[in-house]
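Please open the model in your viewer and keep the selection panel at hand. The tour below proceeds from the ligand site to the domains.

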Amino acid sequence: MKIVKTVKKMQSLSEGLRLRGQRIAFVPTMGYFHDGHISLMKEARKIADCVVVSIYVNPTQFGPKEDFSKYPRDLDRDLKMADSANVDVIFYPSNREMYPAYYQTYVDVEKVTQNLCGMSRPGHFRGVTTVCSKLFNIVKPHVAIFGKKDFQQFITIKRMVDDLNMDLQILGFPTVREADGLAMSSRNQYLSKEERLSALTLFQALKSAQRMYRKGERKSSEIIDQAERLIERAPFTKIDYVKICDTKTLKDIQNIKGESVMALAVKVGKTRLIDNHVFGDELKI
Ligand code: AMP
């Protein structure tokens, strides 16, 4: 496995691969790997000649009061895990490499970023779309792979790639969960033992939404009320949002018809967790 730290070297490596007709699959990450990340690397492995994974905690997607400086990092562990997943190249740039002096260009996707996490994390998606545009220009992948755990991120990136005619395919894969249903996240390690128990209510709320939907309930407010009650019952929880949206526009909907997603963000202690469920999909552990 190669480790590349500069933009120039990554670009020339990718250019060489492309000239030799090799297909490049790319998995952008912020590191501190768990099985969710590994599942994406394995999907990449199935469809490409060369699998590139970036590890970069992107400062522009964190708000001033968010956890940028304490975001978990463990490069040695990540390298071992990526190597075991048969990754070919790790792109591991510095902040200076990504945002040199005089940097001033940003990419903004307007509408799908307004609701959900866009409301409580202003500027977050602008940072995500900017860094992904840069990474796509650096890694030059044929396909980039994202987790649907970050559903709004996935929809936003797809929108950007379509709108800007970027010449790559975006694929999304299902959320990988712990044995009890908690969505895997690098941030789960912030949780105390008691908070970890409360964090399970996110999954339970989605399960209850799925049950109500299967029984024929289509009124968003009924499903949301029930989910909120479940979450509020658990200690340490503070709801940021529980919403049901159209999966294309990510606008709130009153009644479920067409493809719809229930998305939630909950603070458990100081840790903000997100999860979602697309009605009609499986909600698998
Ligand atoms: P992150 O390092 O958290 O920025 O995530 C990197 C990629 O992994 C993103 O595409 C995430 O959506 C994806 N991801 C994170 N957690 C999970 C999970 N539990 N299951 C599947 N994909 C995930």
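In what follows, helices are DSSP runs of H or I with at least four residues, and strands are runs of E with at least two, numbered from the N terminus. The shell around the ligand consists of residues with a heavy atom within 4 Å of it. The coordinates are those of a predicted model.

**The ligand shell.** Select the ligand, then expand the selection to its shell, which holds 17 residues. H37, G147, D150, V176 and M184 are the closest of these. Coloured by class, the shell divides into eight nonpolar, seven polar and two charged residues.

**Elements lining the site.** Next, display the secondary structure and select α2, residues 35-47. With three residues, α2 contributes the largest share of the shell. Add β2 (24-29) and β5 (143-147) to the view: like α2, each of these strands supplies at least two shell residues.

**Polar contacts.** Now show the side chain of D150, where a polar atom stands 2.6 Å from a ligand oxygen. Turn to the backbone of M30, which places an N or O atom 2.9 Å from an oxygen atom of the ligand. At M184, a polar backbone atom lies 2.9 Å from a ligand nitrogen. A surface display completes this stop: the ligand taken alone exposes 480 Å², of which the protein buries 93%.

**The two domains.** Finally, which ranges should be coloured as separate domains? Select 2-173 for domain 1 and 186-277 for domain 2. Their centres, taken over C-alpha atoms, are 26 Å apart. To inspect the interface, select the 22 residues of domain 1 that are in contact with 19 residues of domain 2. The two domains bury about 1,800 Å² between them, and 55% of that area is on carbon and sulfur atoms.

Notes: Residues numbered from 1 in each chain as written. Predicted model: local features only at pLDDT ≥ 70, side-chain atom pairs only at ≥ 80, totals over all residues. Heavy atoms only, no water. Polar contact = N/O pair within 3.5 Å; in protein donor to acceptor, adjacent residues only side chain to side chain. Areas by Shrake-Rupley, 256 points an atom, 1.4 Å probe, with all protein chains shown as cover. Nonpolar A, V, L, I, M, F, W, Y, C, P; charged D, E, K, R; others polar. Domains from an automatic or database assignment. Contact = heavy atoms within 4.5 Å. Buried area = accessible area lost by both parts, 1.4 Å probe.
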